[in-house]
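Thank you all for making the time this morning. I would like to take you through one structure, so please have the viewer open.

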Amino acid sequence: MSNRLLQLARSATPPGATTVIVNDWPGTDRPPEPVALPPGLRLITLFAAGGGGRFRRWVRRQSRPLRVLRALRRAGIPTGEITGICLPLGLWNLSTWIVLRLTVRCPLTVDVLERHEPGQFRHGRLTPYFIRHRWHSLLADRLADQVIAISTTLHRRLARPNRPILVVPPQVDRADYRQPAPPSLTNGLRLLYAGTAGPKDRLAVVLEGIRRLPEPERQRVRLTVAGMTREQTAAMSDLDEGVVADLAEQIVFLGRVSRDRVLAELRAAHFSVLVRPSGGYAEAGFPSKVPESLAAGCPVLLNHTSDLATYIGDGREGIVLAGPGADDVRDGLVRALTLNDAQWWQMSHHARERASTFDYRTWAPVVSAFVAGRRSSQDQVSGPGGVHPQRREQ
């Protein structure tokens, strides 16, 4: 399951209660090992035969709520004991709403993480995934009892009279992260990009920014790309092979690696890098890489999009770029290269402090009450620096 689902489930579980996670497992094979979950969470896995044509896959999607109810009955969980249901946007469709509305008597909450734009896709508005995404968004907008949104941009888009909306950024468990342990900056600057680079993450701009550094400074920079091989990166992003060749000695492509390896790379990096375009998808979403980096004590080198300005101060939790261009990256790297170890450790300390804003424990009281429909009449608004959870109700 995704980290978003796991941490949201943990924060939605009040003391003494249980949150049931119903998750699909692709194909007919069972998971190789039992999934270890934190206390208060229970996993029910649905097994459905994979493959088939488009019609079969469509039927499988539409019948999912019935399979969920059947699995709950087999697990001995009466629907009358369910106090709240939270669904990701991708699973919110008309059949789901009808089945749940007829069988349960509790609030139906949709978790909205993104709003795609036609320009993200090769075939624009005719892309099947984009059409399905907008259809799910329309249904959620019209039928959901309440909404959890990952950003204030989505909050503004989804706000409706008398429909509660709670803004919850990506969450982390700070206990998962050990103290950072990077080498001294006198040995060079270590950067990390973790994830799958696509149009939303301008990895090509990062590489071009490194290449534009003066030669002595450029030789001091090392970039690790975790999550993609060099061949995958060339196929999925706009990387220039010439730039990659020029920086061959300074870039390491790890390919797909375990979460433990990613955490180890975060501990060893001075900065994680994230450059996104302004507007559109980048404003609606909220990169989960940022709170994960902060929790690891790894400051971030990025440009402000979405709600990042609320959490990342320039020179405090990271280095904020003036924009999403290659020259902006180069200028940010020049600043990073002038830091000494004491200055970096101070920045790392601030990053770990800021990570408490994203810890699921901070959000547990407000999220658990929200999902169950127990809300006060007054809004809870974040204070300076976003140190308190936000509740925005309409």
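I will speak about a run of paired strands, then a loop glycine, and finally a helix.

A word on conventions: this is a predicted model, in which local features need pLDDT of at least 70 and side-chain atom pairs count only at pLDDT 80 or more, while totals for chains, interfaces and linings use all residues. Residues are numbered from 1 along each chain as its sequence is written, and side-chain values use heavy atoms, with hydrogens and water left out.

Let me begin with strand β11, residues 300–303, where strands (E, at least two residues) and helices (H or I, at least four) are DSSP runs numbered from the N terminus. From β11, Val 300 and Leu 302 point one way while Leu 301 and Asn 303 point the other, and all are buried, by which I mean under 20% relative accessible area, with exposed being over 50% and partly exposed in between, for a 1.4 Å probe and protein chains only.

Which strands pair with β11? Pairing here requires that DSSP finds at least two bridges between two strands. Strand β10, residues 271–274, pairs with β11 in the parallel sense over three bridges, and Leu 274 stands opposite Leu 302. Strand β12, residues 318–321, also runs parallel to β11, joined by four bridges, with Val 300 opposite Gly 318.

Moving to β10, Phe 271 and Val 273 point one way and Ser 272 and Leu 274 the other, and all of these are buried. Two bridges join β10 to strand β7, residues 189–194, again in parallel, and there Leu 191 stands opposite Phe 271.

Now to Gly 373, which lies in the loop between α17 (360–371) and β13 (392–393). Is this glycine buried or exposed? Gly 373 is partly exposed, with a relative accessible area of 30%. Leaving aside neighbours within four places in sequence, Gly 373 is in contact, meaning heavy atoms within 4.5 Å, with Pro 107 and Gln 146.

Finally, helix α3, residues 64–74, has as its buried residues Arg 64, Pro 65, Arg 67, Val 68, Leu 69, Ala 71 and Leu 72. Just after α3, Gly 76 takes a positive phi of about 75°.
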